[in-house]
Amino acid sequence: MSIEYVLVSEGEQDEPIELPTEEDGSLLLSTIAGQYADASGLKYRSGGRLRGLRLVEDRVLPPAEGWSAHRYFCAFPRSDTLSESPRPRCSDLIVLGLPWKTGEDTVREYFAAFGDLLMVQVKRDMKTGLSKGFGFIKFADYEAQLIALGRRHMIDGRWCDVRIPNSKDGGSVAHRKVFVGRCTESLSADDLREYFGAFGQVTDVFVPKPFRAFSFVTFLDPEVAQSLCGQDHIIKGVSVNISTASPKQDRSARSQLLGWGLLDNGAPRVYSWPPDAWQHSAHSAHTHTAPIPDTKPYLKYD
DNA sequence: GTTGAGCGTT
């Protein structure tokens, strides 16, 4: 049997690489590991189902139909798939508020600073060719998408918003913020930032002053925030409880939170960037690490 | 030729 090349990608959605087989028709695990270090095997999709390939020693054996019948992707040890959260794929992002004059070249130039771009569009009127004031972008890297969603953008002299298309809550703080209960006065904002920074980038820490037995921590990635909810963590010997920042409330609890300025009242409001600020008292201690572009007033309806 | 909340001719 002669050497052939097998299409192997890391995940099912990723771009495949051609990997060479051995003389006996097998694919060495070490050959796979040369591209995907932690791969423990290969699988493929057949009739809507996933099938694993036979592994003998360090050799992955082809399916009965031969290598060329399928495209393959990597299997990883369970421990890895649990610890390394599989990063979501990038989605198209809508860019709202573009200046009329702004074209795709400028949009591309601006967002390239956040990461590689797979797509840039500025929507225009078919007849006149004039910009409709919005467009779409897609990043290659999900981290870049998170950064872009997490702030506003000054493009050609106008503040623009990046959101996930057709999602009301594209990157809203509600899903990025957690409530940290049972705090003691010994837990400073810096303590919380340092501790929770291990789980993902923290963009805001709120510790009420004067002391109350709770805090808020806001992450860049909503998935990090959501993954922590319901857990108890010990920080500097203090057992705190993490829950969603906007729990369902009965009326009395809700009115109390409203009194604290912690809940929305449903009316249009003007607030500053970062948007976290509007939920808290002006005397509260916020600390920031994320780049904060400006303090332009930001009208939001929600 | 204008405009400023929204959601993509293919």
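**Protein surface near DNA strand B**

The residues that form the surface near DNA strand B divide into 10 nonpolar, four polar and four charged. The model is predicted, and within it 18 residues lie around DNA strand B, of which D92, L98, G133, F134 and N166 come nearest. Of the atoms of DNA strand B that come within 4 Å of the protein, sugar and phosphate account for 16%.

**Strands that supply the surface**

- Three strands, β9 (93–96), β10 (117–124) and β11 (131–139), each supply at least two residues of the surface near DNA strand B.
- The largest share of this surface comes from β11, which supplies four residues.

**Polar contacts with bases**

- G133, one of the residues that come nearest to DNA strand B, places a backbone N or O atom 2.8 Å from a base nitrogen of that strand.
- W100 has a polar side-chain atom that lies 3.0 Å from a base oxygen of DNA strand B, while a polar side-chain atom of Q121 lies 3.4 Å from a base nitrogen of DNA strand B.

**Cysteines and disulfides**

- A search that covers the whole structure finds zero disulfides.
- C74 has a relative accessible area of 3% and therefore counts as buried, the cut-off being under 20%.
- C183 also counts as buried, because its relative accessible area of 6% falls under the 20% cut-off.

Technical notes. Residues are numbered from 1 along each chain as its sequence is written. Chains are lettered from A and ligands numbered from 1 in the order in which they are written. This is a predicted model: local features need pLDDT of at least 70, side-chain atom pairs count only at pLDDT 80 or more; totals for chains, interfaces and linings use all residues. Side-chain values use heavy atoms; hydrogens and water are left out. A residue is near a molecule or strand if one of its heavy atoms lies within 4 Å of it. A polar contact is a pair of N or O atoms within 3.5 Å; within protein, one must be able to donate a hydrogen and the other to accept it, and residues adjacent in sequence count only if both atoms are side-chain atoms. Ala, Val, Leu, Ile, Met, Phe, Trp, Tyr, Cys and Pro count as nonpolar, Asp, Glu, Lys and Arg as charged, and the others, Gly among them, as polar. A disulfide is a pair of cysteine sulfur atoms within 2.5 Å. Buried means under 20% relative accessible area, exposed over 50%, partly exposed in between (1.4 Å probe, protein chains only).
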